[in-house]
Structure formats: structure tokens, C-alpha cells
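This report walks through a single protein chain for a reader who has not met it before. Please look at the sequence and the model first.

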Amino acid sequence: MKSKKLISVLLSGLMAVGLLAGCGSSGKTENVENTESVENTAETNVESTSGGDIEITVFHRFSDGASKQFFDEAAASFEESHPGVKVVMTSADNANYKQEISVKLASNEAPDIYFAWSGVYAQNFADGGRALDLSSYISGDTAWSDGIIANQFGPFTFDGKIYGIPIVMDGKAFYYNKEIFSELNLQVPETWEDFMTVLDAISKTDYIPISLGNQEDWATGHYMTTLNQRMVGADTLAADYAMEGDFSDAQYVEALKRLNDMTPYFTPDFNSTSYDTGINDFITGKAAIYYEQFNQVQYIQPAEFEWSWFDFPDIKEGDGDQNALTGAPQGFMVSADTAHPDEAVEFLKYLTSKEVAAKMVKDTQMISCVDGAINTDTADEKVVEIAETIKAASSINLWLDNAMDSELVAAYLADIQRMAGGGMTPEEVMADVQKTAGELKAE
């Protein structure tokens, strides 16, 4: 089945990816606007200052604004400190990048370095021989690689080999209105039972307990990403997501039941509510709690009340690691066909040096994977706390749409949305998932 999937991904570029949010999923993407095609972008890239003999091509999805300016300036400064090397930066807007890079990697126009979301998106390129194994570079220069937060390498690691260098990290937590919690004399919940008690108390007021816009089904998919991880044992979860299991563990049904426990506390008619309405209800004080990604914090910051966040509560009945954090890094991979692997990796080392990463944070507000790049000189206190929260996680739990086969996750997310709206039972959802997984494995 892998070969069929790979051909489909490389030729069509239609693979589902999770940073829809910060992995792309929210419909809002940090510092990226849908503006220009890769061909138009290439015309405005920074020209090389070195005129060197070695040319490194880099293709990414940061096509305009502060993010594009940062990468262009990084290329120019790298050239200045590396005479004889020219870095050619090109980019596509976020909407077109997936198709553009798939076409390039399936042709003889593969860039030396290219942006990649982590999880199955990156794994398809690794499995298809389109990405260079970077393990020896990482183990051979620990003075550099140890500066990258360790838990960010996992989502780029396949069959024990590391294929990507993480650049931007993310996580997801419950933001909460501290003033509402104080008004209602509520404490931050640490367990599922505490959480249900808090939600029940808020439901007795005029506040929405949890704001949710689930018009697009990835939103409840993010809840199930964490609920599956909390409930299902790590080995079982990994095998099932890799299409090596059968999704028969009873804890999947129990995880879905936990989502059903929450639905009375969500925004009324949440399945017909947009993402923007969901977030606006929180920042305008109508809702007490909101489940959101850290790289969307700029949309929380306009709130005129004191806010903070708490981790997804522990579930004592769960078989999973309760200290993992749902999220997904983004980074760069090196083409297996590059004629200049050492120079390509050298450029990635430069991007992930503490000094350059700190500039990225300050210039773009992106959450760098480089330890110490986010500090009080480059970001506000909230972002510094966010970085420490991500760093402290035992591991990073990838969004469902980063962790699973694209066809399977599409069916799963649609069923989750249907169940949350009362149209299916948890048992029916998992029966459908098992059926779809079996059919895909048989292909």
C-alpha cells in the first residue's frame, strides 16, 4: 500500500496535513497569506551576494510578510559568512505549497532543502526515498543538535532515522479566562473529574463553558487526537496509526465517550459554528475556556481580560502517557538527490543556531524549536512560558491528520463530527474506522 500512497502524494500533492493550524488546521496560518504562486515568488527573492560556485536551492511555504523577509535575509547573511556558496530561496503560498513540492520531488527539479510538516506528510517523502537521512549529521555535531529541543525530533523520526530538522514547534492547551474562574471560585482542573466539575459549574451561568467552532471537522479531531493519546497505550496507538494494527482496542470507544461527555458544554450548534466565531466568543469574554494551539496565541492576545492556559486533564482510566503534549513541529528536509548535502545541512545548522533562531522569533513571532531562542528579549512573557511548556512535555503527540493515512483520517474526522452532533455512537464510529483501515490495508 505504501507505494500506491507515495505515488498519489508525489503526483497530486493532495495529502491532508495537520498544521491546517499552526500546522495549518485552524484556517489561520502564522505570517502567511494566500498571495502568490511559487513562480512569482521566485522573482522577488534575495539575490546571492557571493556569486559562489556551489548553489543551494531552498523551497518553503513562507511566501510573504515578515517570515519571507526573515528567510531571505538569513540566506543573504549565510552567503556572507560562507564564501563560495549561493542560497537561492523560492516559496509558494500556503495553499499551493503542498502541490508544488510534490510535483518538484517527483521530477528532476527537487530543491536541495524543502519545508515539511511532520508526521505522515514527512514520512511519505522519507519512505519514497525523496529525503536524506540526517541522523549522522545530528549525532556527529551534538554541540549544534543538542541546542534543538529534543522532543521535537520525534515527529521527524521514522524507523529510527531522523529525516527532518525542526524549525517551528507547537502545542495545544486549554486557554481560560482567569477573571471568570475567579468570579466563580474555580480552580484549574488537573483530572478529568475536576474538569467535568468545572464545566458543570460554568454551565449554570450565562457563560459558554467551552467555545468551539466545528464547522470544519479538524476541530473535534484535535480533541480526539489528545483523547486517543490519553486513553490508548502508546504501542497500540503507534501500530494502529501506522496501519499495522486494527483499531480494536476498547479504549478508542472510551475516548470517544469522553468527547460525548464534553458536547453539552460546547458552543450551542458547534457543528455549524465557524472557527472565527469560536475564537471570538472566547476573546470577547462570552466563553470561559477555549482549546487552541500555541502558535495561534496572537489571536488570543487581544483579549481584554487576564488569561492563561492549562494542559489537557489527566484521565486515570487511560493507558496512555498523561504528560505528552498534542502538537506538531514544522521543519526542513534535505533532498536525497542533492549534490551538496554537507552545504545543505550547514545552512540548516545556521538557521537553527541560537542567534539566528532568536532573530526569527523576534522578527516573525514564530515559536522556535531552538532552546533559549525564545526569551524576554525576543518575546513576551506568555510566549516564553509557552516555550517552556512545550519543552517540558514527555513527547509530542501528532494531530490525527499528521499521524494517519490521509484517507483513513478523512473518514475518521467526518465520523467524529457526526457523532458529536448526535448522528453516530462511539461504537459505530470505531466500526467504520476498522472497516476503512482494513480496506486500505488490503489495497
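Which residues does Thr378 touch, not counting residues up to four places away in sequence? They are Ala358, Val361, Lys362 and Ala373. The model is a predicted one, and that holds for every value in this report.

## Thr378 and its surroundings

Thr378 sits in the loop that runs between helix 17 (354-364) and helix 18 (381-392). Its relative accessible area is 13%, so Thr378 counts as buried. The side chain of Thr378 has polar partners in the backbone. A polar atom of this side chain lies 2.9 Å from the backbone oxygen of Ala373. The side chain of Thr378 also reaches the backbone nitrogen of Asn375, at 3.0 Å. Ala373 therefore appears twice, as a polar partner of Thr378 and among the residues that Thr378 touches.

## The open sheet

Five strands form an open sheet with mixed pairing, in the order 2-1-3-12-6. Its edges are strand 2 (85-91) and strand 6 (164-168), each of which pairs on one side only. On average, neighbouring strands of this sheet are turned by 30° against each other, direction ignored.

Strand 1 (residues 54-60) runs parallel to strand 2, and seven bridges join the two. Within this pairing, Ile56 stands opposite Val87 of strand 2. Strand 1 also runs parallel to strand 3, to which two bridges join it. Here Phe59 stands opposite Tyr114 of strand 3. In a regular strand, side chains alternate between the two faces of the sheet.

## Helices around the sheet

Strand 1, helix 4 and strand 2 together make a β-α-β unit, and this unit is right-handed. Helix 5 (residues 94-105) lies across strand 1 and strand 3 (113-117), and runs at about 125° to strand 3. Helix 6 (residues 120-127) packs on the sheet as well, where it touches strand 3 and strand 12 (330-334). The direction of helix 6 makes about 135° with that of strand 3.

Helix 4 also has contacts with residues much further along the sequence. What does Ala74 touch, not counting residues up to four places away in sequence? Ala74, which lies in helix 4, touches Phe347, Tyr350 and Leu351. With a relative accessibility of 4%, Ala74 counts as buried. The C-alpha atoms of Ala74 and Val356 are separated by 7.6 Å, although these residues are 282 residues apart along the chain.

## Salt bridges

Side chains of opposite charge can pair when their charged atoms come close. The structure holds 16 salt bridges. The table lists some of them.

| Pair | N to O distance |
|---|---|
| Glu55 and Lys86 | 4.0 Å |
| Asp72 and Lys68 | 2.7 Å |
| Glu306 and Lys178 | 3.3 Å |

In the pair of Glu55 and Lys86, the closest N and O atoms are 4.0 Å apart. Glu55 lies in strand 1 and Lys86 in strand 2, so the salt bridge ties together parts that are 31 residues apart in sequence. Glu55 counts as partly exposed because its relative accessibility is 40%. Lys86 is likewise partly exposed, at 24% relative accessibility.

Where do Asp72 and Lys68 lie, and how many residues apart are they? Both are in helix 4 (residues 65-81), four residues apart, and are therefore separated by about one helical turn. Asp72 and Lys68 are buried.

The salt bridge of Glu306 and Lys178, at 3.3 Å from N to O, links distant parts of the chain, 128 residues apart. Glu306 is in the loop between helix 15 (297-300) and strand 10 (307-310), whereas Lys178 belongs to helix 9 (residues 178-183). Glu306 is partly exposed, with 48% relative accessible area. Lys178 counts as partly exposed too, at 31% relative accessibility.

Salt bridges that share partners also form a network, which joins Glu254, Lys257, Arg258, Glu317 and Glu427.

## Helix 4 in summary

Several of these points meet in helix 4. This helix takes part in the right-handed unit with strand 1 and strand 2. It holds the salt bridge partners Asp72 and Lys68, and Ala74 lies there too.

How values were computed: Residues numbered from 1 in each chain as written. Predicted model: local features only at pLDDT ≥ 70, side-chain atom pairs only at ≥ 80, totals over all residues. Heavy atoms only, no water. Pairing = 2+ DSSP bridges. Axes fitted to C-alpha atoms, helices over the stretch in contact; angles between N-to-C directions. Contact = heavy atoms within 4.5 Å. Salt bridge = Lys/Arg side-chain N within 4 Å of Asp/Glu carboxyl O. Buried < 20%, exposed > 50% of the residue type's maximum accessible area, 1.4 Å probe, protein only. Polar contact = N/O pair within 3.5 Å; in protein donor to acceptor, adjacent residues only side chain to side chain. Right-handed = clockwise from strand over helix to strand, strands pointing away.
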